[in-house]
Amino acid sequence: MIIDILSWICLLSGGLLGVVGGIGIHRFSDFYSRQHAVGITDTLCAMLILLGLGLQAGMSLAAFKLALIFIFLFLTSPTASHALANAAMHGGLKPKLDSVTSEDKS
Amino acid sequence: MLIAVSLAILVTMWLALARALMGPTVYDRIAAINMFGTKTVLLIAVLAFLSGRTDLLDIALVYALINFVGVVAVLRLVEYGDFHSSGEDSTKPVKVDQG
């Protein structure tokens, strides 16, 4: 019973974070700040949903497969985000800075 | 409850797809497609539990692998212009419209 409630909390907060990140990639103005919203949905949302499903599964083969997906996403999604930001910087896309900040620097 | 979670994931996928279609730069599109792929993995996992056929988790695992390799390959194509350059000799980046 308690495990059920915990798993629903994990699943629902994961879904909520997903929608928040989806709204975030439309409301942020810049590629590098959009990466922040993408990062939310790629890490915490995915982790919470997989954790909730794992609590539903209990000790079974499905839980092992979920753990494999968990480990793989945990390793690859920060790598993909880093490669993407690195490629954008290398490709000459400049971050949009605040006007006050750029005046302070110059 | 699982239906609510899958609907939330579907809404997120629609938003990511809209950003991929609208995105001003090519990197916005790749980021949105990366997010779409991760959400697809989660949607397959949730649907596996919704239908009670947990064999579908294998497909989710394979999709996670394909998504990562695909994003890295597309990034390499965008950054260097081909798939086979070593990376040192072709340091000239591809021109990106920053509109």
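This is a short talk about two chains, A and B, and how they touch.

Hi everyone, thanks for having me. One thing to keep in mind as you look at the structure: this is a predicted model.

Let's start with chain B. What is it built from? Chain B has three helices and zero strands, so to speak a plain α-α-α when you follow the sequence along. Of the 99 residues in chain B, 36% are buried. And how do its contacts reach along the sequence? Take the contacts in chain B between residues at least 6 apart in sequence: 42% of them join residues at least 24 apart.

Now let's bring in the partner. Where chain A and chain B touch, 41 residues come from chain A and 41 residues from chain B. Which helices of chain B take part? You can find them on your screen: α1 (2-22), α2 (26-51) and α3 (56-80) of chain B each give at least two residues to the side that touches chain A. The largest share comes from α2(B), with 14 residues. As for the kinds of residue on that side of chain B, there are 30 nonpolar, six polar and five charged.

Let's finish inside chain A. Please find helix α2, residues 31-57, and helix α3, residues 61-90, both of chain A. Their axes lie 9 Å apart, and the helices pack at an angle of about 175 degrees. Angles over 145 degrees count as roughly antiparallel, and that is why we call α2(A) and α3(A) roughly antiparallel to each other. What sits in the contact between them? The residues there are 17 nonpolar, six polar and one charged.

That's my tour, thank you!

Technical notes:
Residues are numbered from 1 along each chain as its sequence is written. Chains are lettered from A and ligands numbered from 1 in the order in which they are written. This is a predicted model: local features need pLDDT of at least 70, side-chain atom pairs count only at pLDDT 80 or more; totals for chains, interfaces and linings use all residues. Two residues are in contact if their C-beta atoms, placed from the backbone, lie within 7 Å. Helices (H or I, at least four residues) and strands (E, at least two) are DSSP runs, numbered from the N terminus. Ala, Val, Leu, Ile, Met, Phe, Trp, Tyr, Cys and Pro count as nonpolar, Asp, Glu, Lys and Arg as charged, and the others, Gly among them, as polar. Axes are lines fitted to C-alpha atoms, for helices over the stretch in contact, and angles run from 0 to 180 degrees between N-to-C directions. Angles under 35 degrees count as roughly parallel, over 145 as roughly antiparallel, 65 to 115 as roughly perpendicular and the rest as oblique. A residue is buried if 20 or more other C-beta atoms lie within 10 Å of its own, exposed if 12 or fewer, and partly exposed in between; C-beta atoms are placed from the backbone.
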